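Student: Could we go through this one together? I'd like to begin with the aromatic side chains and then move on to charges and openings.

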Amino acid sequence: MMRIFLIIALMTVSPASFATLWNGRIVVPNQQREIGLPELAMNLVYARTVILGEKHNTPAVQLAQAKVMEAVVALAPQDRMTTAWEFLNFSDQSKIDTAFQRFTRGQISAEDFLMETQGSAKYKSYAPILEVTKKFHGRLIGVNLSRTDKEPVVQGGLINAKPGTIPADFELGSANYWERFRKTMEGHATEAQMQNYFAAQCLTDDVIAVNMLADQKTDRRFLVVGSFHSDYFDGTVARLLKRAPDQVIGVVRFIDASDYTEAELLALPTDSKYGPVADFVYFVNEPIH
């Protein structure tokens with residue numbers, strides 16, 4: 001399994017010397033170290049695929065994602081880049097291309113693009129990600145399966161999937177992935193429903209992976225995706241590595257500290273059972289006091 005590894009260690013510091021503030025803190029879980037954005041970028045520049053596991057529609061998170069993208073691409077501006085976004089469906093690529101071209105030509109704003117493709121102003125926090133992609137002449141691609149195509153699986157499991165929607169060599173996620181999924185869904189669904197929902201989750205993971213790997217026009221791919229799809233190197237990360245085991249992937253988990261107490265934040269980068277949540281953890285905002 002090829003994952004990103006820490007190359008720059010000379011400028012890291014121990015947990016004892018962590019800054020008082022959490023906003024902007026970047027941690028390397030498997031080394032229990034804190035690094036800065038320049039060091040993070042120097043590590044990620046070696047990755048063919050960079051996964052940005054997020055909390056959706058959170059301005060501080062999307063701004064931090066854009067900062068990471070810009071810092072990485074700035075180190076190798078000659079490399080062509082692609083931004084893939086979970087909220088865009090691959091079946092809509094021609095419409096995405098048309099709207100994104102209008103945005104890059106200055107005919108519409110990033111907010112206009114988001115309104116056209118998402119239909120709501122609540123997605124405006126993603127504007128910085130679009131601006132970085134535009135700045136470096138990148139591509140924007142849809143990688144998800146449409147809700148209409150997922151619905152038969154949600155309702156009746158994989159046996160009811162539409163023809164052609166399940167990728168070749170598809171597999172359900174790991175036992176740990178299922179366990180974490182069940183914990184998340186506990187009290188919200190029956191056992192049968194949870195199995196269907198998990199099948200749809202895993203189908204989404206694999207469809208995203210397949211469409212990411214189909215992009216061979218660029219040197220570096222960024223994937224903006226909900227963190228459950230990438231936490232603990234499960235979900236989409238596992239499918240990418242299964243389908244292309246020689247690629248180098250860097251996974252960054254963005255955590256909104258305002259959702260947690262400081263004690264909870266200290267425990268988030270590494271779980272006692274599942275291990276490191278990502279290669280790098282980037283905190284935004286401040287914890288509950």
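Tutor: Gladly, and please keep in mind that this is a predicted model. A search of the whole structure finds 15 aromatic pairs.

Student: How are the rings of Trp-85 and Phe-87 arranged?

Tutor: Their centres are 5.3 Å apart and their planes meet at 35 degrees, so the pair is described as tilted.

Student: And are Trp-85 and Phe-87 buried or exposed?

Tutor: Trp-85 is buried, with a relative accessible area of 4%, whereas Phe-87 is partly exposed at 21%. The cut-off for buried is under 20% relative accessible area.

Student: Which residues do ring pairs link into a cluster?

Tutor: The cluster consists of Tyr-177, Trp-178, Phe-181, Phe-198 and Phe-228, which are linked by ring pairs.

Student: Back to Trp-85 for a second. Which residues line the largest cavity?

Tutor: Trp-85 is one of them, and the lining also includes Thr-83, Tyr-126, Ile-129, Leu-130, Leu-140 and Val-224. Strand 4 and helix 5 (127-135) each supply at least two residues of that lining, and by class it has 6 nonpolar residues, 1 polar residue and no charged ones.

Student: What volume does the largest cavity have, and how many cavities of 30 Å³ or more are there?

Tutor: The volume of the largest cavity is about 50 Å³, and the structure holds 1 cavity of 30 Å³ or more.

Student: OK, charges now. How many salt bridges are there?

Tutor: Searching the whole structure gives 15 salt bridges. In one of them, the side chains of Arg-180 and Asp-234 meet at 3.6 Å, N to O. That pair links distant parts of the chain, since Arg-180 lies in helix 7 (residues 175-185) and Asp-234 in the loop between strand 6 (220-226) and helix 9 (235-243), 54 residues apart.

Student: Are Arg-180 and Asp-234 buried or exposed?

Tutor: Arg-180 counts as buried at 6% relative accessibility, and Asp-234 is buried too, with a relative accessible area of 10%.

Student: What about Arg-239, which residue does it form a salt bridge with?

Tutor: Arg-239 forms a salt bridge with Asp-206, and the closest N and O atoms are 2.8 Å apart. Here again the pair links distant parts of the chain, with Arg-239 in helix 9 and Asp-206 in helix 8 (residues 191-214), 33 residues apart. Arg-239 is buried, with a relative accessible area of 8%, and Asp-206 counts as buried at 0% relative accessibility.

Student: And how far apart in sequence are the parts that Arg-253 and Asp-231 tie together?

Tutor: The side chains of Arg-253 and Asp-231 meet in a salt bridge at 2.7 Å, N to O. Arg-253 lies in strand 7 (residues 249-256) and Asp-231 in the loop between strand 6 and helix 9, so the parts tied together are 22 residues apart in sequence. Arg-253 is buried, with a relative accessible area of 13%, and Asp-231 counts as buried at 6% relative accessibility.

Student: Which residues do salt bridges that share partners join into one network?

Tutor: That network is made up of Glu-171, Asp-206, Arg-239 and Arg-243.

Student: Switching to pockets, which residues lie nearest the centre of the second largest one?

Tutor: Several residues we have already met appear there, because of the 14 lining residues those nearest the centre are Arg-180, Phe-228, Asp-231, Tyr-232 and Arg-253. The volume of the second largest pocket is about 240 Å³. Helix 7 and strand 7 are the elements that give two or more residues to its lining, and the largest share, 3 residues, comes from helix 7. By class, the lining of this pocket has 7 nonpolar, 2 polar and 5 charged residues.

Student: What volume does the largest pocket have, and how many residues line it?

Tutor: The largest pocket has a volume of about 820 Å³. Its lining has 27 residues, of which Glu-86, Asn-144, Leu-145, Arg-147 and Lys-150 lie nearest its centre. Two or more lining residues come from each of strand 4 (81-89), helix 3 (93-104), helix 4 (110-118), helix 6 (147-156), helix 7 and helix 8. By class, the lining of the largest pocket has 11 nonpolar, 10 polar and 6 charged residues.

Key: Residues numbered from 1 in each chain as written. Predicted model: local features only at pLDDT ≥ 70, side-chain atom pairs only at ≥ 80, totals over all residues. Heavy atoms only, no water. Salt bridge = Lys/Arg side-chain N within 4 Å of Asp/Glu carboxyl O. Helix = DSSP H or I, 4+ residues; strand = E, 2+ residues; numbered from the N terminus. Buried < 20%, exposed > 50% of the residue type's maximum accessible area, 1.4 Å probe, protein only. 1 Å grid on protein atoms, 1.4 Å probe; cavity = no way out; pocket = protein on both sides within 12 Å on 5 of 7 lines; lining within 4 Å. Points joined across faces, edges and corners; volume = space filled by probe spheres on them. Nonpolar A, V, L, I, M, F, W, Y, C, P; charged D, E, K, R; others polar. Phe/Tyr/Trp six-rings, centres within 6.5 Å; stacked < 30°, edge-to-face > 60°.
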